[in-house]
Amino acid sequence: MKQFYKDNSTKLRPYRAASMFAPLRIAGHYPSTLLTDFKDGQGNSIDETLKNKLNSVQDLSSIPTPHLGLIIQGVISICKDPKDFHGYNLIRPLLAGFPKYETYASFNNYFGYSLAVIALCDAGNKVPDFVIKELIKGANRKVSYHSVDIDALISTALSCVSTSNRSLQRKVDRAIGNLVQSMISKQNTTTGAFGNQYTTALAVEAMQAARIHTDSYLCDKAMKYILAYQDEEGSFGSILANILITPALLGESLFGLKRYACPVLVPSPTTPIPEIITVHVQLVFNVTDMRRTEPPVSVSVLEGTTAKTILDLAGEQNSCYKAEYKKYSFGHSVTSICGVAKDSSKNYYWLIYVNGKSAKYGVDGLKPKDGFAQAENIYQFKDNCADHDRWIILQSDSSNGEREFSSLLINNIMNAQLFSGVIVICLILFSGRVTSFCARTSETLHADQTRAVVRSSDWMKQIYKDNSTELFPYRAGSLITILRLAGHKPKTLLSEFKDRHGLNIEETLKNFLDSKNATEGNLSRIPNPHLALIIQTVVSLCQDPENFHGYNLIPPLLSGFALFKKIRNFKNYFGYSLAVIALCNAGHRVPDDVVRELLNGAYRQVSYHSGDIDSLILQALSCISNSSMQNEVHRASEKIVENLIMKQNTTTGAFGNQYSTAHVIM
């Protein structure tokens, strides 16, 4: 395409030249590259070409709407604003052009109409309802034969629109589904083609835009069919073919252009060599029952080295600096330094503070750097007793001019003098997996959350031991699942969490399943919500729900969905959603009929939508992938989110009671 643009620019009209840049952007070319490396035969960039074209037109409304849509795509591809491109607002005439559909020759088919809609979507503009209705009319048009290329582009355009009109949105989703099924029925099962190379590429892009899983059609054959058209020079038969095919090869569509954010900075061709710095590590205990200072240890590392690596290197020189960690998906958390470990009985845990505020990073994210004097370089692990502080000091100096280490005498860390290149790590609060995910969460609130998780875990452990006879096995299992999310390892859950009879949760569930199987002959009589909680527990223990002590728990869960609203313990969408979430966590695809029922729940007609039920439906919808109704799933999810946010009490922050509020946050 680059060579074609240079050699054949006089043959390309500006709108066709512009349409070439959208697939090039999708293929990964930076906007700056598109402007500097892609020049026409006269040496003009696409920016200059389009500017000259617009300058030559007295009235932008005279540009056919499909052509204007392609120009907008080109403008977006080079990260320019289509509302102010060299002083021209291209969106206004585009919107004004839709009512002129079928009134002039260059705007009389749904192919061009859909191109214009996709451009409007990529520009971030809302598509008017009357335009959406015209697209639906095109999808349902009465013709002797539905052309796949037109159907594909209509489907792609419909996939990018959204409307607050619920009835209209359902028509959009149905139209997409019908178009997809029609296209799939026309695929040649031998060659994989949907027609020629143009049509096949458009069909594949439509499937991607509608989030149709590649297993739903012969994707591999379609790709091989397209690739067979490419010659040695890279052409697929024409410039139009290359424009249409390139996004399809990447599993994208023209609608995908909006997802390519404009880079703030283009990566530099050269990367500076990291400087070697020396970091001094010193451990200071300033607690009532322990007052001593370990001699400092110095380690030389590359600038950007993490605090974890520095502590590990210091531990090789002085065993007292050895730290112990717990590994999580987000990185390592310190559980002990110099043998001083967390002690839940005294409410002593590890939590990193930055100048008295909760740190944004853990030991994997803290990177001492020479010359820093900002407050965020003061780190502490702080006790809940104000007069107790223990800390480790990490001071970094550049290797070419080390500064002498100065001792710190701190009674109140908040009033301490900050000096260049120092990281102070003080002891005693560690949060497990609790993080300040609310952007404006204060350090006090964060600490409160941390303590609440620890106290909750301890309370649940005691409840499990004291009240096992009051807990049904599936409810006991759900308790273990939450403890797993709180960071407890499966081994710990089995060895330390036992009921009053000394049984762990694995033994309890096995006994329950054995009893059900013995009395009822199978597990199908267990209500789906209860079976779901059992499956969640099995997964939490890192065991296989398809072979848990010889029981395959998945088939009865799948067959149980058909009993929804037919049995007493499976009559609401709360339990239905729990079952779907369990299926997701077990790694299974959610069947389309189950997805459809969830969508019914999302759009259920009731006088008041309960926040806890809506939030659990949302969680279930969020775990669904590879569904033929993926587009509908996303629409329903967005609608639930909007409804939930509207219900939050702006004074208290509540979404109802504590149960509902927790469900909504999850």
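**Confidence by element.** I began with the elements of this predicted model, and I noted that strand β11, residues 422-426, has the lowest mean pLDDT among the elements of the protein chain, at 31, whereas helix α8, residues 129-139, has the highest, at 94. For the protein chain I recorded a mean pLDDT of 77, with 79% of the residues reaching 70 or more.

**The stretch under 50.** I then looked up where the confidence stays low, and I found that pLDDT remains under 50 over residues 370-437. For this stretch I noted that the model nevertheless has 216 contacts beyond four places in sequence.

**Positive patch.** Next I turned to charge on the surface, where I found Lys133, Arg170, Lys171 and Arg174 gathered in a patch of positive charge. I asked myself which helix gives the largest share of the positive patch, and I found that helix α10, residues 166-186, supplies three residues. Arg170 is one that I located in helix α10.

**Salt bridges.** I reminded myself that side chains of opposite charge can pair when their charged atoms come close. I counted eight salt bridges in the model, with a nitrogen-to-oxygen cut-off of 4 Å. I looked up one pair in detail, Asp47 and Lys80, whose side chains meet in a salt bridge at 3.3 Å, N to O. I noted that this pair links distant parts of the chain, 33 residues apart, with Asp47 in helix α4 (residues 46-55) and Lys80 in the loop between α5 (65-77) and α6 (91-97).

How values were computed
Residues numbered from 1 in each chain as written. Predicted model: local features only at pLDDT ≥ 70, side-chain atom pairs only at ≥ 80, totals over all residues. Heavy atoms only, no water. pLDDT = per-residue confidence, 0-100. Helix = DSSP H or I, 4+ residues; strand = E, 2+ residues; numbered from the N terminus. Contact = heavy atoms within 4.5 Å. Patch = residues over 30% accessible without salt bridge, like charges linked within 9 Å, V, L, I, M, F, W, Y side chains within 5 Å. Areas by Shrake-Rupley, 256 points an atom, 1.4 Å probe, with all protein chains shown as cover. Lys, Arg positive; Asp, Glu negative; His and termini not counted. Charge placed at Lys NZ, Arg CZ, Asp CG, Glu CD.
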